[in-house]
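Please open the model in a viewer and set the display to cartoon. The tour below proceeds by selection, one stop at a time.

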Amino acid sequence: MTNKIIIKPIAFVKNNRKEPTDDNWSKIISMIELADEIPTESFDGINTFSHLHILFYFHKSEKTVYVGHPRGNKEYPKVGIFAQRKKDRPNHLGLTTVKLLKHEGRILTVSHLDAIDGTPIIDIKPFINAFLPQDKIKQPDWTLDIMKKYWKKE
């Protein structure tokens, strides 16, 4: 039996980053504009939150990689796709926590969204501290190395 899932974008990203790149996302300010069929009221109360989780579709990713070195760097261990955050995933989904800078009508202005101009937004959820892990976070050292330039300003 094949399960068919149909997901329609609820919004789209507008910003000045046209091509996917790995680093220097800090200075990118993005607007998230609701799709025409989504009511403006969907944003009611959103300005009471400082941060949001954004689920989006890597619409320019054309391949899937199941195992490899993160960023193609052989100094990092070879790991499966579910042990890294690469865009070339089976369903090409991305997830980022952003800072909400402003809400006006059908548009959210956010920082720290690592999605390019035109990216379809699949869902938006408020960041709530109680959903954070209740125990210590564990992650390999190579992930810390990757992130050194990720949010660095160009």
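Strands are DSSP runs (E, at least two residues) numbered from the N terminus, and two strands pair if DSSP finds at least two bridges between them. This is a predicted model, in which local features need pLDDT of at least 70 and side-chain atom pairs count only at pLDDT 80 or more, while totals for chains, interfaces and linings use all residues. Residues are numbered from 1 along each chain as its sequence is written, and side-chain values use heavy atoms, with hydrogens and water left out.

Begin with the barrel: 6 strands close it in the order 1-2-7-6-3-8, with antiparallel pairing.

Next, select strand 1 (residues 11–14) and strand 8 (residues 120–126), which pair in the antiparallel sense over 2 bridges. Here Phe12 stands opposite Pro120 of strand 8.

Move on to strand 2, joined to strand 1 by 4 bridges in an antiparallel arrangement. Val13 has Ile32 of strand 2 as its bridge partner. Then add strand 7 (residues 107–111), which pairs with strand 2 over 5 bridges, again antiparallel; Ile32 stands opposite Leu108 there.

Now show the side chains of the largest nonpolar core, which has 21 residues; Ile32, Leu52 and Leu108 are among those with the most contacts inside it. Such a core is a set of buried (under 20% relative accessible area, 1.4 Å probe, protein chains only) Ala, Val, Leu, Ile, Met, Phe, Trp, Tyr and Cys residues joined through side-chain atoms within 4.5 Å.

Finally, select Leu52. Its contacts (heavy atoms within 4.5 Å) include Ile46, Val98, Leu108 and Phe127, not counting residues up to four places away in sequence.

Methods
Buried means under 20% relative accessible area, exposed over 50%, partly exposed in between (1.4 Å probe, protein chains only).
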